[in-house]
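Q: I would like to learn how to read a sheet and the helices packed on it. Please take me through an example.

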Amino acid sequence: MDYEQNRETVRRGYEAFGRGDMDALLSLYNDDAVHVVPGSSPLSGAHKGKESVAELYAALFERSGGTFRVQLDHVLSDGGDRVVSIHTASLEKDGEAFTQTEALLFTFRNGKVAEIQDFFADIELNDRLFS
């Protein structure tokens, strides 16, 4: 188990996401990967499989009018198959700019992303922004 490789995979995923390169991003995921978004927005829930995850990411851009961005701040490892990333998310909605700190918990299986769990500094704000 190579936890440094897992950390590097997370960094490469953020770079691909930032470029809008979904093919490169999803190549880092297992076919049955799950991305879980808490809260009560239309984007909340468990997005299962690469196609569903890609639809989630497309919806982030659509619902933010293409303004959604993330700036990776930290990548932390448990020394095993889990990695936590902390980033600053930003977007504009209705002429107003919003930022918040978010975290993702990645679980790896066979060197690829098996599951992602979102965490938000202000989950109610997230629900409002993506509803």
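Q: In which sense do E3 and strand E4 pair, and over how many bridges?

A: This is a predicted model. Within it, E3 and strand E4 (residues 82-93) are paired in the antiparallel sense, over eight bridges.

Q: Which residues stand opposite Val 70 and Arg 69 in E4?

A: The general idea is that side chains in a regular strand alternate between the two faces of the sheet. As for the partners here, Val 70 is opposite Ala 89 in E4, and Arg 69 is opposite Ser 90 in E4.

Q: How many residues lie between E3 and E4 in the hairpin?

A: Four residues separate E3 from E4 in the hairpin. In the turn, Gly 79 has a positive phi of about 80°.

Q: What is the strand order of the open sheet?

A: The six strands run in the order E2-E1-E6-E5-E4-E3, and their pairing is mixed. Strand E2 (45-48) and strand E3 (69-77) are the edge strands, each pairing on one side only. From one strand to the next, the twist averages 20°.

Q: Which strands does Helix H1 lie across, and which does Helix H3 touch?

A: Helix H1 (residues 3-19) lies across E3, E4 and strand E5 (96-109), and runs at about 180° to E3. Helix H3 (residues 50-63) packs on the sheet and touches strand E1 (29-37), E2, E3 and strand E6 (112-120). The direction of H3 makes about 45° with that of E1.

How values were computed: Residues numbered from 1 in each chain as written. Predicted model: local features only at pLDDT ≥ 70, side-chain atom pairs only at ≥ 80, totals over all residues. Heavy atoms only, no water. Pairing = 2+ DSSP bridges. Helix = DSSP H or I, 4+ residues; strand = E, 2+ residues; numbered from the N terminus. Axes fitted to C-alpha atoms, helices over the stretch in contact; angles between N-to-C directions. Contact = heavy atoms within 4.5 Å.
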